[in-house]
Amino acid sequence: IDRFEMVAQDKNIVITRQITEHPTYVDIDRDKLTQVLDNIISNAMKYSPEGGNITVTLLHQGHNVRVSISDEGMGIPRESQSKIFDRFYRVDKARARSVGGTGLGLAIAKEMVHAHGGEIWVESEDGQGTTIYFTLPYSTFRGGEA
């Protein structure tokens with residue numbers, strides 16, 4: 001998140017963190033989960049209006065942590081939501097050319113989240129912004145300290 005804050009300031013975007021203070025341990029490949037967050041936050045930055053807000057939330061949900069990244073962008077039409085995790089899918093081809101990217105970020109995020117035993121999904125209203133959620137199983141014990 002820190003890596004995106006300077007770029008966010010340039011676009012006058014505020015990144016808000018809502019992260020549980022409860023100790024949370026997840027068995028992850030740090031590089032792969034960093035890539036998941038980078039891909040999702042990068043999309044939120046691309047599609048957020050100047051002066052918008054991005055909210056990153058981490059909370060406990062059953063035996064999982066649930067991470068969500070919400071933006072105030074133009075949202076995703078309902079008919080496209082089931083396809084955004086497909087390789088090379090772009091919701092709006094014309095807009096995609098102006099913001100760049102390959103259409104692989106969310107497909108890669110899905111593969112990595114699933115490889116870690118989690119789920120990933122989207123909630124969005126056309127014109128009202130988008131929230132990408134993902135879950136990962138967590139433990140109350142730090143790795144190796146059972």
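Select Trp121 and Tyr133 to begin: Tyr133, in strand β5, is the bridge partner of Trp121. The model on the screen is a predicted one.

**Stop 1: the hairpin of β4 and β5**

Extend the selection to residues 120-124, which form strand β4, and to residues 130-137, which form strand β5. The two strands run antiparallel and are joined by five bridges. Now display the side chains of β4. Which of them point to one face and are buried? They are Ile120, Val122 and Ser124. Trp121 and Glu123 point to the other face and are not buried, so the side chains alternate along the strand; a residue counts as buried when its relative accessible area is under 20%.

Next, select the stretch that connects the strands. Five residues lie between β4 and β5 in this hairpin. Gly127 is the one to pick out here, since this residue takes a positive phi near 85°.**Stop 2: the whole sheet**

Colour the structure by secondary structure. The protein chain holds five helices and five strands. Followed from the N terminus, its elements run α-β-α-β-β-α-α-α-β-β. Of the 146 residues of the chain, 38% count as buried.

Select the five strands together. In what order do they lie in the open sheet? The order is β1-β2-β3-β5-β4, and the pairing is mixed. β1 and β4 are the edge strands, each of which pairs on one side only. From one strand to the next, the twist averages 15°.

Move to the edge formed by β1. This strand pairs with β2 in the parallel sense, over six bridges. To see a particular pair, select Val14 and Asn53: the latter, in β2, is the bridge partner of Val14.

**Stop 3: the largest pocket**

Select Ile28, Arg30, Leu33, Leu37 and Leu58. Among the 24 residues that line the largest pocket, these five lie nearest its centre. The volume of the pocket is about 740 Å³. Rolling a probe the size of a water molecule over the atoms shows where empty space is left.

Which element gives the most to the lining? Helix α2 does, with six residues. To view the contributors, select α1 (2-10), α2 (30-47), β2 (53-61), β3 (64-71) and β5; each of them supplies at least two residues of the lining. Colour the lining by residue class, and it divides into 15 nonpolar, five polar and four charged residues.

**Stop 4: salt bridges of helix α1**

A search of the whole structure finds five salt bridges. Select Asp2 and Arg17, which form one with their closest N and O atoms 2.4 Å apart. The pair links distant parts of the chain, with Asp2 in helix α1 and Arg17 in strand β1 (residues 14-19), 15 residues apart. Is Asp2 buried or exposed? Asp2 counts as exposed, at 57% relative accessibility, whereas Arg17 is partly exposed, with a relative accessible area of 37%. Add Glu5 to the selection: Asp2, Glu5 and Arg17 are linked in a network of salt bridges.

Now select Arg3 and Asp38. Their side chains meet in a salt bridge of 2.4 Å, N to O. This pair also links distant parts of the chain, since Asp38 belongs to helix α2 and Arg3 to helix α1, 35 residues apart. Show the surface, and the two partners can be contrasted. Arg3 counts as exposed, at 57% relative accessibility. Asp38 has a relative accessible area of 18% and is buried, because the limit for that class is under 20%.

**Stop 5: Glu111 and its surroundings**

Finally, select Glu111, which lies in helix α5, together with Arg87. The side chains of these residues meet in a salt bridge (2.7 Å, N to O). Helix α5 spans residues 105-115, while Arg87 sits in the loop between α3 (78-81) and α4 (93-99), so the pair ties together parts that are 24 residues apart in sequence. Both residues fall in the partly exposed class: Glu111 at 43% relative accessibility and Arg87 at 45%.

Keep Glu111 selected and add Phe85. How far apart are the C-alpha atoms of Glu111 and Phe85? They are separated by 9.1 Å, although the residues are 26 apart along the chain.

Key:
Residues are numbered from 1 along each chain as its sequence is written. This is a predicted model: local features need pLDDT of at least 70, side-chain atom pairs count only at pLDDT 80 or more; totals for chains, interfaces and linings use all residues. Side-chain values use heavy atoms; hydrogens and water are left out. Buried means under 20% relative accessible area, exposed over 50%, partly exposed in between (1.4 Å probe, protein chains only). Helices (H or I, at least four residues) and strands (E, at least two) are DSSP runs, numbered from the N terminus. Two strands pair if DSSP finds at least two bridges between them. On a 1 Å grid over the protein atoms alone, a cavity is a set of points where a 1.4 Å probe fits but cannot get out, and a pocket is an open set with protein on both sides within 12 Å along at least five of seven lines; lining residues have an atom within 4 Å of a point. Grid points are joined across faces, edges and corners, and a volume is the space filled by probe spheres set on the points. Ala, Val, Leu, Ile, Met, Phe, Trp, Tyr, Cys and Pro count as nonpolar, Asp, Glu, Lys and Arg as charged, and the others, Gly among them, as polar. A salt bridge is a side-chain nitrogen of Lys or Arg within 4 Å of a carboxyl oxygen of Asp or Glu. Axes are lines fitted to C-alpha atoms, for helices over the stretch in contact, and angles run from 0 to 180 degrees between N-to-C directions.
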